[in-house]
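Welcome! Open your viewer, keep the selection tool handy, and let's take a short walk through this protein.

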Amino acid sequence: MSSCGNPAAEEQALMPRRLKFGNSKDCIRCKLNPGNIVIRHAVYCKECFTPIVDMKFRKVLEPSVNARAGTSKRPKLKASGNLCLGFSGGLGSSILLDIVHNTYFSGRPPLDDSGKPRGGTNHPRNASVWPSCIVCYVEACGAFAGMQDRTEDIRSVVERYPSLEFVPLRIEDAFDGSWWTKVSGSKSTPQVWLELSKEGLLTDGLHVASQVTDLTPVEAMRSYLSSLPTQTAISSALQNLARVLILHTAHSRGSSHLLFGTSLTSLSISLLSSISQGGGYAIREELQEEWAPVAASGSKPSNVLRVIRPLRDVTAKECAVYAWWNNISVIGRDKQRRAIIGIVALTKNFVVGLEKDYPSTVSTIARTCEKLEPKDAPSGQCRLCKRPMQSAIQEWKGRISIRSYSDDKLAADLAHIPSPCRGNLDTSTPSQVPPLLALTDFLCYSCHTTLTSRSSRGVKQSAPGVSSATPLPIWVADRGLHEDGLMGDGARRKIPEEEMLDTVAEFLTDNQGCEE
């Protein structure tokens, strides 16, 4: 108890601590049964709790089911394609799997006296919202040595729901040309390598791997992860790889909706960590997005995939109680060893710790971020994470970042930097002429930061005579790079100045000033 006066002189000066629930311990919904759980200072009984979670789920999902919004207040739900669920084995995705099956796929149409569906099999009331549903799981055991393959455990969970189809994926499929051919239909996409050490990610650092020296998908993925500068970048890269794998798989299967089991708590953590890593421009896509692969002409195809998180109004506490009371089996997710100290883990510890004393923390974060929107229209789709991309990233980053220590005033700060880290700083005078073409122009700010952020341990130096190039995911070298001129029939090369002069020599009237 805390005091707002002198307890010795005033007995009424003691201020009691605020209760976690209201004046009544009965259920706030039915007013009859005693409460079993407290959610944001409101008490609910066991019988009323499950319908409330189901109502929150349908309130988020069903307004986005129909392709076009009708004039009816209660329109009939009918999706334009199939349904895809992103499953990780965690708490939220396990609840999502159970609710979707029980709500849309386990129910049988009403039967008449003869045992046949009323009105006939083709009656509109007997039609399903989605014709079929697939469950995609991305196995990440190939990312690090020693991780256990849990594909069969996940398969056993999904097989408990006979109406759902299990589609296993692996994180190394992002570097597998055969998988990309299957989901995209493109048969000539090469494996592209990039030298991350080149400032600005210039296109002369792009290379096409030869067929003789190609690495296996697992080796290419581990090479990509090991070249990233920070532990946070590794965690962010794994999340982006798994997300894009599921996006392309769902789109190739004719799905119109993709659902993730992200709870309100996980969503708030994801929003804050995304903003801290430079993903503020695509913050609305963290909540809900409409996605489609960019076609060869640059226009979106007609079949748009809607990415929805139906549990975004349900906290992690509610998810845990829902799983316990409904006997939902939760396998759990393996913690990635190298992502324990990343920004995501630090953000999670901060939000979860703050929520214990302030239950409205996560809802406040989500509602605040829901009001944000970018000022300008996106200039395209990021080649790496497939999200909207901000225009003129290089110019904007040049205005807000210090890229060199050549200035006399900044050079004086070198005295405060430890000697081992001083050699990794760029003290040269930056060029005033920006590169004509760089991969930076085709990446969002978050992905550019992931590839080029500076680590406190310094920049990784490759051995003499060994290339510092790292493989990129297979979808980076899709049609777009060829159309934009980053890649030709072979690797793009930098044309020497002498060759350029010879090419335009016949068009020049005076060649005296062109010689070096």
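The tour goes from a helix to the cavities, and the model you are looking at is predicted.

**Stop one: helix H11.** Select residues 361-370, which make up helix H11. Now colour Thr361, Val362, Ser363, Ile365, Ala366 and Cys369, which are buried. Residues three or four places apart in an α-helix point the same way, because the helix has 3.6 residues a turn.

What covers the buried residues of H11? Add helix H7 (264-276), helix H8 (283-287) and helix H10 (343-357) to your view, as the cover includes these helices.

**Stop two: the largest cavity.** How many cavities of 30 Å³ or more are there? The count comes to 2. For the largest cavity, with a volume of about 50 Å³, select Tyr224, Ala237, Asn240, Leu241, Leu384, Thr450, Pro473 and Trp475, the residues that line it.

Next, show helix H6, residues 231-252. Helix H6 gives the most to this lining, with 3 residues. If you colour the lining of the largest cavity by type, you will find 6 nonpolar residues, 2 polar and no charged.

**Stop three: the second largest cavity.** Which residues line the second largest cavity? Select Leu384, Leu439, Leu443, Leu451, Leu472 and Val476 to see them. They enclose about 30 Å³ of space. Colouring by type here gives 6 nonpolar residues, with no polar and no charged ones.

Before you leave, click on Leu384: this residue lines the largest cavity and also lines the second largest.

Notes:
Residues numbered from 1 in each chain as written. Predicted model: local features only at pLDDT ≥ 70, side-chain atom pairs only at ≥ 80, totals over all residues. Heavy atoms only, no water. Buried < 20%, exposed > 50% of the residue type's maximum accessible area, 1.4 Å probe, protein only. Helix = DSSP H or I, 4+ residues; strand = E, 2+ residues; numbered from the N terminus. Contact = heavy atoms within 4.5 Å. 1 Å grid on protein atoms, 1.4 Å probe; cavity = no way out; pocket = protein on both sides within 12 Å on 5 of 7 lines; lining within 4 Å. Points joined across faces, edges and corners; volume = space filled by probe spheres on them. Nonpolar A, V, L, I, M, F, W, Y, C, P; charged D, E, K, R; others polar.
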